[in-house]
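User: I'd like a close look at one part of this protein, strand by strand and side chain by side chain. Could you walk me through it in plain language?

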Amino acid sequence: EVEEIYFAGGEPLIMPEHYELLNALIENKQTNVKLVYNTNLTELEFKGKSVLDLWSQFDNVAVCASLDASGTRAEYLRCGTVWDRIVENRKQMIEKCPGIYFWVSSTTGLINALHVPNFHREWVEKGLINPENFNIQNIYQPEYMRVDRATPELRDLILEKYKSHLEWLKPLDTEGRASQG
């Protein structure tokens with residue numbers, strides 16, 4: 001009778017129970033269950049099993065990647081991140097499971113606020129994400145990391161960066177989800 005299962009961290013894609021549950025759903029012909037994930041996208045395999053092989057058997061899979069920057073910035077912000085692996089994992093997901101609904105949720109604060117628009121644009125231009133499938137989650141704690149704690153000069157730079165990004169994004173964001181302010 002389950003209609004939807006939401007998997008979140010730690011990191012669900014490296015948890016044995018996650019794979020046991022997916023296999024049980026497949027064995028019981030319950031592949032109509034909606035699967036929703038929050039993942040850091042660092043791993044798509046666990047003990048030689050690809051989650052993509054399992055996802056391809058389900059009717060409805062949604063994946064939210066918690067990514068806060070790209071390249072070396074991403075590796076700095078989240079310890080243990082290997083950026084090239086994340087990009088390769090996303091490409092594999094597009095190739096093997098093109099029907100997956102995918103979006104990025106970027107935790108944004110003073111440390112990355114100026115670079116989040118660059119990351120979003122980079123992934124759109126590389127075809128790794130649809131323009132409208134990008135969310136920003138503002139940091140509120142600790143307070144010193146909040147964007148509204150920026151110096152006036154930095155606040156002006158951030159504001160200009162986002163205005164420019166929105167000008168680029170609005171014509172691409174046909175659903176208006178990522179460009180609403």
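Here is the part I have in mind, followed by the answer.

What surrounds strand 5 (residues 61–66), and which way do its side chains point?

Analyst: Sure. Keep in mind that this is a predicted model, so everything below is computed from predicted coordinates.

Let's start with burial. Strand 5 covers residues 61–66, and 6 of the 6 are buried, so the strand is largely enclosed by the rest of the structure. The side chains split into two sets: Val 61, Val 63 and Ala 65 point one way, while Ala 62, Cys 64 and Ser 66 point the other way. Both sets are buried. That back-and-forth is what you'd expect, because side chains in a regular strand alternate between the two faces of the sheet.

Now for the neighbours. Strand 2 (residues 34–39) runs parallel to strand 5, and 5 bridges join the two. If you want a spot to find this pairing on screen, go to Val 36: its bridge partner in strand 5 is Ala 62. Strand 6 (residues 101–108) is also parallel to strand 5 and is joined to it by 5 bridges. Here a handy landmark is Cys 64, which stands opposite Trp 103 in strand 6. So Ala 62 has its bridge partner in strand 2, and Cys 64 faces a residue of strand 6.

Next, follow the chain out of the strand. The loop between strand 5 and helix 3 (71–77) holds Asp 68. Asp 68 forms a salt bridge with Arg 78, with the closest N and O atoms 2.7 Å apart. Arg 78 sits in the loop between helix 3 and helix 4 (83–96), so this pair links distant parts of the chain, 10 residues apart. The two partners differ in how covered they are: Asp 68 counts as buried, at 10% relative accessibility, because the cut-off is under 20%, whereas Arg 78 is partly exposed at 29%.

That contact belongs to a total of 8 salt bridges. For contrast, one of the others is between Arg 121 and Glu 125, at 2.8 Å from N to O. Both of these residues lie in helix 5 (residues 116–125), 4 residues apart, or about one turn of the helix. Arg 121 is partly exposed at 36% relative accessible area, and Glu 125 is exposed at 53%.

How values were computed. Residues are numbered from 1 along each chain as its sequence is written. This is a predicted model: local features need pLDDT of at least 70, side-chain atom pairs count only at pLDDT 80 or more; totals for chains, interfaces and linings use all residues. Side-chain values use heavy atoms; hydrogens and water are left out. Buried means under 20% relative accessible area, exposed over 50%, partly exposed in between (1.4 Å probe, protein chains only). Two strands pair if DSSP finds at least two bridges between them. A salt bridge is a side-chain nitrogen of Lys or Arg within 4 Å of a carboxyl oxygen of Asp or Glu.
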